[in-house]
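User: I should like to go through this structure by question and answer. Please reason briefly each time and finish on the value or name requested.

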Amino acid sequence: MDGKPRYYLIVVIDIERFGRRTDPMQRWLREQLYAILDKALEQAGIGTDDVAVTSDRGDGCFLLLRPSVSKLDLTTRFLDALQTGLRGHAQRGNEETALRVRVALHAGEVSEDRRGWVGEALNTACRLVDLDALRTTLAAASRSGLALAVSEDWHAAVVRHDYPELPASGFRELPFVAKEITSHAWLRVPGYDEPPGLGAAAPAAERPTPSAPRPATDTPATHASAADSASAAATPGPAAPAPPAGGNHGPFAGAVFHNPGRVYGGNHYEGVTPDEAHADPARNGDGA
């Protein structure tokens, strides 16, 4: 230990709703997470020599990986394997044993002292995994075992290049403001075209797109006659489709689930309607 800062790839993992579990359940979930994590690293071709540090955080952990590890492999192969492991856990478990995680990826200089590891880059990664937006999108993503946030630097180095195995369109940019940090983060949830639960995308003023040509008109819209307005209001539009019977209303209407009623965690149930969930509170998670 010489205390000199060195460049590492930083992975931070936190378990969703960890503090709401009993002490025995917390210990068991930690064991499950480390087993899934070790297997995911192996399947991604990341060996023990590539992992400089695995440090426990109680409700999760952080990894410091040597820069020889591919950032692309970490963002694709590793996270795919982690997602597979979490899905396998969900198929064998229930709401009480649900194991879902938030993951943050960043890189930078980190140094070691007698008590542990320190560095601005490590602080940034830990702030990133605690973003409220990341918690929100994981709670809304009932089909996934994890939600990912990458830093602005990580996005610039990997995601923006739009590799075939890592489409940039799957990431959502959001402000990243936390204590001393003012930056941007990019969020992704495996299995979703857009991270759920975050509302509308950024306004057009922030993300300019080419405007379609406006059709020529002899009458400005602001001078439309009252008769025209009344005629438009009187013209009936197509009838709204009736909601599907049973569960899977809203954004998941028509989706096919292999395990009805099975969840990863949170308050989102596969094949259960909101009325059914409210009628039986035992089926409704706390969703934090």
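User: In which loop is the place of Thr-97?
Analyst: The model is a predicted one. Two elements flank Thr-97: helix H2, covering 71–92, and strand E4, covering 101–113. The place of Thr-97 is therefore in the loop between H2 and E4.

User: Is Thr-97 buried or exposed, and what is its relative accessible area?
Analyst: Beyond four places in sequence, Thr-97 is in contact with Arg-21, Met-25, Trp-28, Leu-29 and His-89. The cut-off for a buried residue is under 20% relative accessible area. Thr-97 falls below that cut-off and so is buried, with a relative accessible area of 14%.

User: Which residue forms a salt bridge with Glu-95?
Analyst: Glu-95 lies in the loop between H2 and E4, and its partner in the loop between E1 and helix H1 (23–43), so the pair ties together parts that are 78 residues apart in sequence. The closest N and O atoms are 3.2 Å apart. The partner counts as buried, at 10% relative accessibility. The residue is Arg-17.

User: What is the N to O distance in the salt bridge of Asp-14 and Arg-57?
Analyst: Asp-14 belongs to strand E1, while Arg-57 is in the loop between strand E2 (51–56) and E3, so their pairing ties together parts 43 residues apart in sequence. Asp-14 counts as buried at 1% relative accessibility, whereas Arg-57 counts as partly exposed at 27%. Their side chains meet with an N to O distance of 3.3 Å.

User: Which side chain meets that of Arg-102 in a salt bridge?
Analyst: Arg-102 is buried, with a relative accessible area of 4%. Its partner counts as partly exposed, at 33% relative accessibility. The N to O distance of the bridge is 3.4 Å, and the side chain that meets Arg-102 is that of Asp-130.

User: Where do Arg-102 and Asp-130 lie, and how many residues apart in sequence are the parts that the pair ties together?
Analyst: Arg-102 is placed in strand E4. Asp-130 is in the loop between helix H3 (120–129) and helix H4 (132–140), so the pair ties together parts separated in sequence by 28 residues.

User: Which residues are linked with Asp-14 in a network of salt bridges?
Analyst: The count for the structure comes to 9 salt bridges. The bridge of Asp-14 with Arg-57 and that of Arg-102 with Asp-130 involve members of the network. The residues linked with Asp-14 are Arg-57, Arg-102, Asp-130 and Arg-135.

User: Which residues does Gly-60 touch, not counting residues up to four places away in sequence?
Analyst: Gly-60 is found in strand E3, residues 60–65. At 3% relative accessibility, Gly-60 counts as buried. Its C-alpha lies 9.8 Å from that of Val-103, at a separation of 43 residues in sequence. The residues touched by Gly-60 are Ile-13, Asp-14, Leu-33 and Tyr-34.

User: Which residues form the aromatic pair, and is the pair stacked or edge-to-face?
Analyst: The structure holds 1 aromatic pair. Its members are Tyr-8 and Trp-117, whose ring centres are 6.0 Å apart. Planes over 60 degrees apart count as edge-to-face. With 90 degrees between the planes, the pair of Tyr-8 and Trp-117 is edge-to-face.

User: How many residues apart are Tyr-8 and Trp-117?
Analyst: Tyr-8 is in strand E1 (residues 6–15) and Trp-117 in strand E5 (residues 116–118), so the pair links distant parts of the chain. Tyr-8 counts as buried, at 9% relative accessibility, while Trp-117 counts as partly exposed, at 24%. Their separation is 109 residues.

User: Over the ring of which residue does the charged end of Lys-71 sit?
Analyst: Arg-143 lies over the face of Tyr-192, at 4.1 Å from the ring centre. For Lys-71, the charged end is 5.4 Å from the centre of the ring. That ring belongs to Trp-154.

User: Over which residues does pLDDT stay under 50?
Analyst: The mean pLDDT of the chain is 78, and 69% of its residues reach 70 or more. Among the elements, strand E6 (residues 146–151) has the highest mean, 98, and helix H6 (residues 226–234) the lowest, 41. The model has 87 contacts beyond four places in sequence for the stretch under 50, namely residues 203–288.

Notes: Residues are numbered from 1 along each chain as its sequence is written. This is a predicted model: local features need pLDDT of at least 70, side-chain atom pairs count only at pLDDT 80 or more; totals for chains, interfaces and linings use all residues. Side-chain values use heavy atoms; hydrogens and water are left out. Rings of Phe, Tyr and Trp (its six-membered ring) pair if their centres lie within 6.5 Å; planes under 30 degrees apart count as stacked, over 60 as edge-to-face and the rest as tilted. Helices (H or I, at least four residues) and strands (E, at least two) are DSSP runs, numbered from the N terminus. Buried means under 20% relative accessible area, exposed over 50%, partly exposed in between (1.4 Å probe, protein chains only). A charge sits over a ring if NZ of Lys or CZ of Arg is within 6 Å of the ring centre and within 35 degrees of the ring normal. pLDDT is the predictor's confidence in each residue, from 0 to 100. Contact means heavy atoms within 4.5 Å. A salt bridge is a side-chain nitrogen of Lys or Arg within 4 Å of a carboxyl oxygen of Asp or Glu.
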